[in-house]
Amino acid sequence: MPGIAVLDLGGQYCHLIARRVRDLGVFSDILPSDTEVETLRHFDGVILSGGPGSVSEPDAPRVPQTVLTDLGKPVLGICYGQQLITDLLGGTVIREHVREYGLASLSIIEPDLLFQDVPSDSMAWMSHGDTVTSLPRGFRRLAKTETCDFAAVADVDKRIYGIQFHPEVTHTQHGMAILSNFVFHICHAQPTWNPASLKDKLIEQIRATAAGRKVYFLVSGGVDSNVAYALCAQALPPDQLEGLYVDTGFMRKNESEQLRLAFERIGLPNIRIIDDSQRFLDAMQDAIDPEEKRQRIGPLFIEIQQELVSAMENENHNWVLGQGTIYPDTIESGGTAGAEVIKTHHNRVPMIAELAAQNRLLEPLQEFYKDEVRALGQALGLPPDLVNRHPFPGPGLAIRTLCSDRHAKAMPHGGIDGICREFGLHGCVLPLKSVGVQGDNRSYKNVAMISGVAVLETLSQVSTRITNGYKDVNRVVYCLDAAIDFKALRVHDALLTSERLDVLREADAIAHQLLHAHGLEHQLWQFPVVLIPVSHGAGRRSESKGETVILRPVYSVDGMTAEFAKLPLPLLREMARAICQLPTIDLVCFDVSNKPPATIEWE
Ligand code: XMP
């Protein structure tokens, strides 16, 4: 079937490119980067994805040179894809001193079909460390940004294009128009792809995978597992399906009870609720590192499920495990060729791979993004409040309660403070790390804290300047308490305890109640509330191990990229005042980082 082949060079957004092309009504398929030209001849055009590699590294993924010299079909290289085209055809790519993450102003220099109906100045999303500095013979420059001379280039005669920005992420203002121009005006593809029969096909696939075996389905109450489980309930007879809900103790306030009621309401059959919170807490006793936490939680889920199933099935191996895994879970866990592990999702640990190898894993939604899952949920007739819930990660509050084994003061930082002062603010660095994603790579870096009087737009600018300029910082938080004294900030040792989880549960409930009261929850993709072991000794409890709560509301379409949500500052301050009444809370901050360079969750 003609359409667009997307060659996977390991980019976090590779699937997103294929998704966007399908959104245009054109079939697209993701293929390994070493796919031979013969296979690609069946397509109307080829897109080379971004990727974490650097063309100078010997083991970075490459495509066969013949894709550019012999295929004769249009090629579009995105980010690393552009750098690879440049390198393969004799241009130069260098590792830049100043890396570029976030929004940049894109100026078109030479009109071309690729930019038809795109204004000459617009915003584009950048996430790269390497940059093209000289072009191969036959190429011309089509667009630039302030810091990137070759934001778009082309050999128009050969129909080979390269762009440094990411048209596939929603933050690029005219990204869809640019992709559409490539697909329709340059590749001349036809809009013949129609996923209308998706539901029926998925039901068929579920029946085929289950193959008469009993399906034990891990439900969490989240959108993905609700929809996947509801699909299974339509595909399989009731005695072939049982839902297992494991209460880890890392859930939000009253969550397990609400979920039980919700399942009852929609009549999903056979849900078994298992309270194993103490076991999870014991397993996490001395875990500090985020990946360590994830690697302990994931297998424990499966261990518990296997114990339950073994007890029920009596050594009979005639069963299959069902999960609501969606595509971003896989790609962020490094599950596609060339992609780097950003975070190991609880449903992507090695034990799951073993079950998959034994053909005992059922993941009906593994190729889907959240917004597609929601559309499918609606088509299944699930109530809107279940389909539109904010996502909540499987490891729950365990990865929102940061742990530490050190004692350290906040660090003064001339460069960061200098940026802040330009805007009448102050800044320092907390010696506490959180996870980020930059240029397709995982990062685990310190957090900058800024304070002073500012409007949201200023916070956004300062945050981007700091993370673009300083390699050792991937996240910026804004202190909601005007009376902050950086010298009194201390990171202290802290483990995952039930007391800390209880405090976070209360803080989370307060923030969400106020959000709900202001009718703003549906504007947000998600609103994590995070507890970090940072005390502010100048506060009420100078000797105590006080803590800091972080408010992390974000806008996103699919969780792969995100913008910090511009909630009104008076509302955030109202939340902060209420949360500061909790016994151990010294301070409340607002996370003003986008993804990239940060991630939505801190761990
Ligand atoms: P990050 O933090 O990587 O998160 O920007 C992207 C989206 O994924 C969710 N998330 C998870 N979901 N299991 C899940 O089911 C996990 O282990 C997990 N980790 C992150 C996160 O809440 C956000 O919506």
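Me: In this predicted model, what makes up the area buried between domain 1 and domain 3?

Reply: About 1500 Å² is buried between domain 1 and domain 3, and carbon and sulfur atoms give 48% of that area. The area counts as buried because it is the accessible area that the two parts lose on being put together, summed over both.

Me: Which elements supply the side of domain 1 that touches domain 3?

Reply: Helix H1 (14-23), strand E5 (92-108) and strand E6 (121-134) each supply at least two residues of that side. E5 gives the most, with four residues. By residue type, the side of domain 1 that touches domain 3 divides into seven nonpolar, seven polar and three charged.

Me: How many salt bridges and how many residue pairs in polar contact are found between domain 1 and domain 3?

Reply: The rule finds zero salt bridges across this interface. A salt bridge would need a side-chain nitrogen of Lys or Arg within 4 Å of a carboxyl oxygen of Asp or Glu. The count of residue pairs in polar contact is two, both at pLDDT 80 or more.

Me: Where do the domains lie along the chain?

Reply: The domain assignment gives domain 1 (4-186), domain 2 (198-395) and domain 3 (408-591). The C-alpha centres of domain 1 and domain 3 lie 35 Å apart. The contact between them takes 17 residues from domain 1 and 17 residues from domain 3.

Me: Why are strand E16 (411-412) and strand E21 (529-532) called edge strands?

Reply: Seven strands form an open sheet in the order E16-E17-E18-E19-E26-E23-E21, with mixed pairing. E16 and E21 each pair on one side only, and they are the edge strands.

Me: How do you know that strand E19 (residues 473-479) and strand E26 (residues 585-591) pair?

Reply: Two strands pair if at least two bridges are found between them. Three bridges join E19 to E26, and these strands run antiparallel; therefore they meet the requirement of at least two bridges. Val-477 stands opposite Asp-591 in E26.

Me: What makes the approach of the Ser-556 side chain to the backbone nitrogen of Gly-559 close enough for a polar contact?

Reply: Ser-556 is found in the loop between strand E24 (554-555) and strand E25 (563-564). A polar atom of its side chain lies 2.7 Å from the backbone nitrogen of Gly-559. The cut-off is 3.5 Å, so this distance is within it. The backbone oxygen of Thr-561 also lies 2.7 Å from a polar atom of the Ser-556 side chain.

Me: Which residues does Ser-556 touch, not counting those up to four places away in sequence?

Reply: Ser-556 touches Trp-525, Thr-561 and Ala-562.

Technical notes. Residues are numbered from 1 along each chain as its sequence is written. This is a predicted model: local features need pLDDT of at least 70, side-chain atom pairs count only at pLDDT 80 or more; totals for chains, interfaces and linings use all residues. Side-chain values use heavy atoms; hydrogens and water are left out. Domain bounds come from an automatic or database domain assignment. Contact means heavy atoms within 4.5 Å. Buried area is the accessible area (1.4 Å probe) that two parts lose on being put together, summed over both. A polar contact is a pair of N or O atoms within 3.5 Å; within protein, one must be able to donate a hydrogen and the other to accept it, and residues adjacent in sequence count only if both atoms are side-chain atoms. Ala, Val, Leu, Ile, Met, Phe, Trp, Tyr, Cys and Pro count as nonpolar, Asp, Glu, Lys and Arg as charged, and the others, Gly among them, as polar.
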